[in-house]
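Me: Could you take a close look at a single part of this model for me and walk me through it in one connected answer? I would like to know which helix sits between its neighbours, what it packs against, and how far the prediction can be trusted there.

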Amino acid sequence: MYLAYMKNKKVINDYTTVWTSFLPKQFFTVFLGFLGFFGVMYFLGFYIAALAFLLFALRFFKIPNKYIALTLVVMLVIVYAVFTWFLNVPLPDGLLIENFS
């Protein structure tokens, strides 16, 4: 893409080819999963909700299992390290988890 620009010095608008149609099944499934994330977060906490949502979204988009496992581990470690250690920001524990602590 960059080489084509350097050759012609012309920007090509590919908006019409990239966004040709709306995919309602994909949109509403991910949107309902996003709403479910907030519901699960309210009761079970951020970490469990994030794990469940990532697992749901990656399975929905048919990502291979080895990449799902790698993504889940890396994202949870990064989120935990950044918010808990570095920024020292408390994330929601959830109603059920708060009752046990």
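Reply: **Helix α4 and its partners**

Let me start at the far end of a neighbour: just after α5, Asn 88 takes a positive phi of about 55°. The other two helices of this story are followed by similar notes. Just after α3, Gly 45 has a positive phi of about 105°, and just after α4 the positive phi belongs to Lys 62, at about 60°.

A word on confidence comes next, as this is a predicted model. The chain has an average pLDDT of 87, and 93% of its residues score at least 70. Within the chain, α5 has the highest confidence, at 94, while helix α2 (residues 15-18) has the lowest, with a mean of 69. Where pLDDT is low, the predicted coordinates should not be read in detail.

Now to α4 itself, the part I would look at closely. This helix covers residues 46-60, 15 residues in all, and its first and last C-alpha atoms are 21 Å apart, close to the 21 Å expected at 1.5 Å a residue. Its buried residues are Phe 46, Ala 49, Ala 50, Ala 57 and Leu 58. They lie on the same side of α4, because the arc they cover around the axis is only 150°. What does that buried set pack against? The buried residues of α4 pack against two helices, α3 (24-44) and α5 (65-86).

Take the α3 partner. Its 21 residues should span 30 Å at 1.5 Å a residue, and the 29 Å between its end C-alpha atoms agrees with that. Gly 33, Phe 37 and Met 41 are buried in α3, and these residues share the same side of the helix, since they cover an arc of only 75° around its axis. The cover over the buried residues of α3 includes α4. On the face of α3 turned away from its buried side you will find the exposed residues Lys 25 and Leu 32.

The α5 partner can be read in the same way. With 22 residues, α5 should span 32 Å at 1.5 Å a residue, which agrees with the 30 Å between its end C-alpha atoms. Ile 68, Leu 72 and Val 79 are buried there, and an arc of only 55° around the axis puts them on the same side of α5. The buried residues of α5 pack against α4. The face turned away from that buried side carries exposed residues, among them Lys 66, Leu 70, Trp 85 and Phe 86.

Where do the side chains come together? The largest nonpolar core has 7 residues: Phe 37, Met 41, Phe 46, Ala 49, Ala 50, Val 79 and Leu 91. Both α3 and α4 supply at least two residues of this core, and the largest share, 3 residues, comes from α4.

Phe 46 is a good residue to click on within that core. It is buried because its relative accessible area is 18%, which falls under the 20% cut-off. Leaving aside neighbours within four places in sequence, Phe 46 is in contact with Phe 37, Met 41, Val 79, Leu 91 and Pro 92.

The aromatic side of the picture is worth a look too. The whole structure holds 12 aromatic pairs. In one of them, the ring centres of Phe 37 and Phe 38 are 5.4 Å apart with planes at 70°, so the pair is edge-to-face. Phe 37 is buried, at a relative accessible area of 12%, whereas Phe 38 is partly exposed, at 39%. Another edge-to-face pair joins Phe 46 and Tyr 47, with centres 5.9 Å apart and planes at 75°. Tyr 47 counts as partly exposed, at 29% relative accessibility. Ring pairs also link residues into a cluster that includes Phe 34, Phe 37, Phe 38, Phe 46, Tyr 47 and Phe 53.

Finally, look at Phe 56, also found in helix α4. This residue is partly exposed, with a relative accessible area of 34%. Not counting residues up to four places away in sequence, Phe 56 touches Thr 29 and Gly 33. Its C-alpha atom is 8.9 Å from that of Val 30, although the two residues are 26 residues apart along the chain.

Definitions and conventions. Residues numbered from 1 in each chain as written. Predicted model: local features only at pLDDT ≥ 70, side-chain atom pairs only at ≥ 80, totals over all residues. Heavy atoms only, no water. Helix = DSSP H or I, 4+ residues; strand = E, 2+ residues; numbered from the N terminus. Expected span 1.5 Å × (residues − 1). Buried < 20%, exposed > 50% of the residue type's maximum accessible area, 1.4 Å probe, protein only. Arc of directions from axis to C-beta. Contact = heavy atoms within 4.5 Å. Core = buried A, V, L, I, M, F, W, Y, C linked by side-chain atoms within 4.5 Å. Phe/Tyr/Trp six-rings, centres within 6.5 Å; stacked < 30°, edge-to-face > 60°. pLDDT = per-residue confidence, 0-100.
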